[in-house]
Amino acid sequence: MTDNRFIDIESLEGQAELIARTRRAVDEIGEVQACSPDDLVRVTVAVSGLVTDVDLADETVRLDREELGRLIAATAQKASQLMAAKVAEAMAEVHRLQELLLADSTVSTLLQPRLSAASLPILALMKYQAT
């Protein structure tokens, strides 16, 4: 999200560009991994939030099924939370860019007619004084 070239978000093309930037920002995240506190379980989560891999250390054979299940579930939840935080961070950057663009667009749209109208008497006076 470091591309800061101008986007006209009032146009269809500008809105499409902002959507494309959002998609790229989220896609750049890739995958996130989380490990259990004892490093026996490692879970990988995709941007979609789906678990894509579960890696179990050899020592997990000593755990009973219920304990291992809880450990996997807790680690998967941790990985999902990490992914949600990364997506939120990417979306915050997109939202910040959108707010800046809206502010620039709104200011220029609202002030331009006022500046033009307000400047007419000044321009007329300057033209009068020049003659």
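Two strands count as paired when DSSP finds at least two bridges between them. The model shown in every view is predicted.

**View 1. The whole chain follows the pattern α-β-β-β-α.** The protein chain has two helices and three strands. It holds 131 residues, and buried residues make up 25% of them. The chain exposes about 9400 Å². Carbon and sulfur atoms supply 59% of that exposed area. Take the contacts between residues at least 6 apart in sequence: 49% of these join residues at least 24 apart.

**View 2. Three strands form an open sheet.** The strand order is β1-β2-β3, and the pairing is antiparallel. β1 and β3 (51-56) stand at the edges. Each edge strand has a single partner, so one side of each is left without a neighbour in the sheet. From one strand to the next, the twist averages 15°. β2 is mostly covered, with five of its six residues buried.

**View 3. β2 and β3 pair over five bridges.** The sense of this pairing is antiparallel. The count of five bridges can be set against the cut-off of at least two. Two positions help to trace the ladder. Val45 has Val51 of β3 as its bridge partner. Arg42 stands opposite Asp55 in β3. The two strands form a hairpin, with four residues between them. Gly49 lies in the turn and has a positive phi of about 95°.

**View 4. β1 and β2 pair in the antiparallel sense.** Five bridges join these two strands. Glu31 has Ala46 of β2 as its bridge partner. Ala34 is bridged to Val43 in β2. This pair of strands is a hairpin too, with five residues between the strands.

**View 5. Asp39 sits in the loop between β1 and β2.** Its phi is near 60°, a positive value in a residue other than glycine. Most residues other than glycine have a negative phi. Is Asp39 buried or exposed? The relative accessible area of Asp39 is 56%. The cut-off for exposed is over 50%. Asp39 is therefore exposed.

**View 6. The largest nonpolar core has 18 residues.** Val41 and Val43 touch the most other members. Four elements each supply at least two residues of this core: α1 (12-27), β1 (31-35), β2 (41-46) and α2 (65-130). Which element gives the largest share? That share, eight residues, comes from α2.

**View 7. Val43 and the residues it touches.** Residues up to four places away in sequence are not counted here. Val43 touches Val32, Gln33 and Ala34. Val51, Asp53 and Val54 are among the residues that Val43 touches. Further along the sequence, Val43 touches Ile72, Thr75, Ala76 and Ala79. Ala34 has a second role in this view, as the bridge partner of Val43. Val43 is one of the two residues that touch the most other members of the largest nonpolar core.

**View 8. Helix α1 agrees with its expected span.** The helix has 16 residues. At 1.5 Å a residue, α1 should span 22 Å. Its end C-alpha atoms are 22 Å apart, so the two values agree. Which residues of α1 are buried? They are Gly14, Glu17, Leu18, Arg21, Thr22, Ala25 and Val26.

**View 9. Arg21 is a buried residue of helix α1.** The relative accessible area of Arg21 is 2%. Buried means under 20%, so Arg21 falls within that class. How many residues separate Arg21 and Val94 along the chain? The two are 73 residues apart in sequence. Their C-alpha atoms are separated by 7.6 Å.

Technical notes
Residues are numbered from 1 along each chain as its sequence is written. This is a predicted model: local features need pLDDT of at least 70, side-chain atom pairs count only at pLDDT 80 or more; totals for chains, interfaces and linings use all residues. Side-chain values use heavy atoms; hydrogens and water are left out. A nonpolar core is a set of buried Ala, Val, Leu, Ile, Met, Phe, Trp, Tyr and Cys residues joined through side-chain atoms within 4.5 Å. Buried means under 20% relative accessible area, exposed over 50%, partly exposed in between (1.4 Å probe, protein chains only). Contact means heavy atoms within 4.5 Å. Accessible areas come from the Shrake-Rupley method with a 1.4 Å probe; for residues, only the protein chains shown count as cover. The expected span of a helix is 1.5 Å times one less than its number of residues. Axes are lines fitted to C-alpha atoms, for helices over the stretch in contact, and angles run from 0 to 180 degrees between N-to-C directions.
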